[in-house]
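Before the structure appears, here is the plan: each question below asks what lies behind a description, and each answer sets a value against a definition. Please read them in order.

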There are 2 protein chains.
Amino acid sequence: MKSDATRTLLVTRADLRCIVEEVGADALMDELIRALTEALRTFDGELTEVRKRDGFLTEHPRQPGCLEWMPVMQKGGAVTVKMVSYSPFNPEEQGLPTIIATNSLYDSRTGHLVALMDGVFATALRTGAASAVATRCLASPDSRVLGLVGCGAQAVTQLHAISRVFPLTEVLAYDTNPEAQASLARRTAFLGLDVKQVSLAELEERSDIICTATSIAVGAGPVISGKALKPHVHVNAVGSDLPGKTELPRALLEKSLVCPDFTVQALVEGECQQLKPEQVGPDLVTLVKNPDRYESWRQKATVFDSTGYALEDQVVTALFLRHAERLGLGTSVGLETVGGDALDPYSLLHEPGSAARGNLRRATGS
Amino acid sequence: MKSDATRTLLVTRADLRCIVEEVGADALMDELIRALTEALRTFDGELTEVRKRDGFLTEHPRQPGCLEWMPVMQKGGAVTVKMVSYSPFNPEEQGLPTIIATNSLYDSRTGHLVALMDGVFATALRTGAASAVATRCLASPDSRVLGLVGCGAQAVTQLHAISRVFPLTEVLAYDTNPEAQASLARRTAFLGLDVKQVSLAELEERSDIICTATSIAVGAGPVISGKALKPHVHVNAVGSDLPGKTELPRALLEKSLVCPDFTVQALVEGECQQLKPEQVGPDLVTLVKNPDRYESWRQKATVFDSTGYALEDQVVTALFLRHAERLGLGTSVGLETVGGDALDPYSLLHEPGSAARGNLRRATGS
């Protein structure tokens with residue numbers, strides 16, 4: 001990015017659409033999986049400071065949600081902060097995604113907001129990519145059947161990402177909401193895969209890989225029984241985002257190698273809540289740095305406890321901003337009161353006058 | 001604000017300039033002081049959840065800075081989050097303000113980013129307003145001489161705000177940087193006050209009210225001696241923003257009524273770091289709710305320990321957004337990937353095509 005510390009680049013949903021159209025959805029997912037793998041493989045805790053997610057519980061008549069911040073800093077470089085909300089009744093009540101987010105990039109040396117972009121699409125993509133990375137390390141290489149428990153927005157990118165690293169022959173879809181279950185095939189038609197609606201029992205019995213991505217209420221899990229699973233099953237548990245919310249049976253966790261994305265966070269709000277710390281396996285960084293060490297687990301039960309890792313947001317933000325720069329996309333905005341006399345907050349009043357009334361609410365983006 | 005959950009209102013520095021020009025700087029400050037007083041007077045911890053500031057220490061060859069988040073939630077309503085950085089060498093090395101910030105407003109019910117605005121100007125204003133509120137409660141009503149220790153950006157709005165609630169006759173300016181000290185009179189000329197450059201000793205001896213707003217390094221304080229102060233002196237200590245950074249002598253704190261803006265935060269990064277919890281006086285909310293209870297302190301030494309309180313950011317953000325709405329200012333942006341099929345992250349690809357290539361980097365704001 002060019003560094004004009006008086007301007008902020010906005011990357012909107014329309015810009016992301018251009019990027020996907022120019023790059024192609026498959027190529028973009030492949031690039032993201034590669035970039036995430038590389039970021040995990042080269043991760044150095046001395047250079048990168050990742051914070052555990054923190055935030056507010058938000059009120060809702062039926063079930064609480066949350067609004068949280070996920071910060072990560074490259075020391076001496078960029079800070080990426082995702083603000084992300086989980087509002088399980090958004091689709092039904094508002095026609096909005098369950099997960100709404102924005103990703104911000106700051107220059108840690110000055111504090112300047114360099115860029116702000118949509119985080120809804122970016123979160124779906126990076127959550128899929130993280131599952132692909134973990135699944136490649138932990139699932140049997142012969143895996144061909146993917147089961148999706150929960151057929152909402154995240155299921156689309158789980159399927160897309162995993163289909164890029166395994167030659168899937170069959171996709172089994174289950175959701176407690178029949179409409180979501182029925183529409184998944186249409187929403188994933190671009191993949192050309194055989195997506196079947198099945199019972200939960202059939203899904204558990206026949207899947208080599210399972211992704212759980214549900215809005216199960218706090219304390220209401222698990223969302224699968226764990227009975228009759230294949231001995232080599234790999235499960236990506238994606239739905240964890242609140243203390244008390246878990247998707248998998250404890251017995252499955254106890255017999256599996258459980259790899260969290262970010263251990264300290266997973267112990268608070270992931271499947272790892274159900275385990276003692278000593279029962280938790282390697283985190284995603286350790287797994288990706290040492291794939292051979294865990295290869296024998298590919299024939300046994302494994303779980304990726306995906307709570308959402310700020311490093312993933314850093315990677316996807318950087319990737320989209322690189323494409324925006326390359327394609328000349330985004331809108332440059334003079335947002336912060338900088339550029340005048342640094343010692344005079346009122347110097348904004350003395351700047352050349354042209355812009356003052358020229359900024360009346362103009363529509364930008366779609 | 002109208003609530004179109006698919007669009008975000010950007011309020012830029014050019015918009016803020018319009019607001020100041022339309023409303024007038026004095027009227028705006030008066031309105032902010034009133035709004036802040038009212039928010040403090042009616043504060044209810046059951047309805048408003050304020051988080052202690054948290055963040056990253058940022059690296060700099062000479063002295064660390066920080067990049068922090070300051071969140072506050074109206075339960076069932078809006079969440080305001082200020083991202084704020086303190087980079088003490090910004091003015092000298094980058095021509096940028098020491099404090100750079102952006103304020104975001106979210107709808108807690110959906111997680112949608114309702115608005116994003118500059119926080120540089122807003123922070124200077126609200127920090128001044130907070131000092132005005134505290135000074136009105138704690139300083140002698142006969143105070144006429146204000147001393148400013150540290151003549152940077154914050155000094156301008158400290159002076160402006162306090163001049164709105166006290167009929168100042170004289171302003172004494174001191175800074176270790178002679179250029180900043182010399183230029184303060186020019187930067188505050190709009191107030192029509194008598195601003196004199198003085199020695200620190202003269203300032204301490206003659207001021208009824210003192211504001212310290214410095215970039216003193218961690219562990220390098222205090223910035224005043226505390227000798228020969230007037231018995232009724234009131235000090236607004238504004239510079240605290242990092243653990244270890246303090247501006248006032250411990251002896252002064254120990255003999256004064258010390259009122260922090262936000263006690264749990266002030267104990268970590270304010271002047272209150274130097275005190276035991278039981279030595280800390282009422283917080284700003286308590287003070288404003290019960291001014292009579294503390295009235296006798298107006299003839300004795302008092303300190304406002306201003307670390308920066310997220311409630312202040314909530315108030316100033318709401319105030320600017322109301323003016324932007326009223327004046328038709330701001331830019332509406334389709335930022336988040338919402339508005340398509342809530343269950344399909346790729347639905348952005350299927351939206352009507354007009355906007356796709358129409359969003360090439362356009363300049364917005366000044």
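Q: How far apart do the C-alpha centres of domain 1 of chain A and domain 2 of chain A lie?

A: The C-alpha centres of these two domains of chain A lie 26 Å apart. This is a predicted model, in which local features need pLDDT of at least 70 and side-chain atom pairs count only at pLDDT 80 or more, while totals for chains, interfaces and linings use all residues. Residues are numbered from 1 along each chain as its sequence is written, chains are lettered from A and ligands numbered from 1 in the order in which they are written, and side-chain values use heavy atoms, with hydrogens and water left out.

Q: What are the bounds of domain 1 and domain 2 in chain A, and how many residues of each are in contact?

A: Chain A is divided into domain 1 (8-122 + 312-355) and domain 2 (131-308), with bounds that come from an automatic or database domain assignment. Contact means heavy atoms within 4.5 Å, and by that criterion 27 residues of domain 1 of chain A are in contact with 29 residues of domain 2 of chain A.

Q: Which residues touch the most other members of the largest nonpolar core, and why does this core lie between domain 1 and domain 2 of chain A?

A: A nonpolar core is a set of buried Ala, Val, Leu, Ile, Met, Phe, Trp, Tyr and Cys residues joined through side-chain atoms within 4.5 Å, where buried means under 20% relative accessible area, exposed over 50%, and partly exposed in between (1.4 Å probe, protein chains only). The largest such core has 80 residues, of which A:Ile19, A:Leu40 and A:Phe320 touch the most other members. Its largest share, 10 residues, comes from H4(A). Because domain 1 and domain 2 of chain A both give residues to this core, it lies between them. Leaving aside residues up to four places away in sequence, A:Phe320 touches several residues, including A:Leu16, A:Met117 and A:Phe121. Apart from this core lies another, of 79 residues, among them B:Leu9 and B:Val171.

Q: What makes the sheet of strands S10-S9-S8-S11-S12-S14-S13 in chain A an open one with edges?

A: Strands (E, at least two residues) and helices (H or I, at least four) are DSSP runs, numbered from the N terminus, and two strands pair if DSSP finds at least two bridges between them. In chain A, 7 strands pair in parallel to form the open sheet, in the order just named. Strand S10 (195-197) and strand S13 (257-260) of chain A each have a single partner strand, so one side of each is left without a neighbour in the sheet. From one strand to the next, the twist averages 20°, where axes are lines fitted to C-alpha atoms, for helices over the stretch in contact, and angles run from 0 to 180 degrees between N-to-C directions.

Q: How do you know that S9 and S10 of chain A are paired, and that S12(A) pairs with S11(A) and with S14(A)?

A: Strand S9 (residues 170-174) of chain A is joined to S10(A) by 3 bridges, and A:Ala173 stands opposite A:Gln197 there. S11(A) and S12(A) pair in the parallel sense over 4 bridges, with A:Cys211 opposite A:Asn236. S12(A) and S14(A) also pair in the parallel sense over 4 bridges, and A:His234 stands opposite A:Thr302. Within S12(A), A:His234 and A:Asn236 point one way, A:Val235 and A:Ala237 point the other way, and all are buried.

Q: Why is strand S7 of chain A called largely enclosed, and what are its pairing partners?

A: Of the 6 residues of strand S7 (residues 113-118) of chain A, 6 are buried, so this strand is largely enclosed by the rest of the structure. Strand S1 (residues 8-11) of chain A pairs with S7(A) in the parallel sense over 3 bridges, and A:Val11 stands opposite A:Met117. Strand S6 (residues 99-107) of chain A pairs with S7(A) in the antiparallel sense over 5 bridges. S6(A) and S7(A) form a hairpin with 5 residues between them, and A:Gly111 in the turn has a positive phi of about 85°.

Q: What makes the relation between chain A and chain B like a two-fold rotation axis?

A: Copies are superposed by least squares on the C-alpha atoms of residues with pLDDT of at least 70 in both. A rotation of 180° with 0.0 Å of shift along its axis superposes chain A on chain B (RMSD 0.0 Å), and the two copies are thus related as by a two-fold rotation axis. In chain A, the C-alpha nearest the axis is that of A:Trp69, 4.3 Å from it. Because 100% of the interface residues of chain A are also interface residues in chain B, the copies meet through the same surface.
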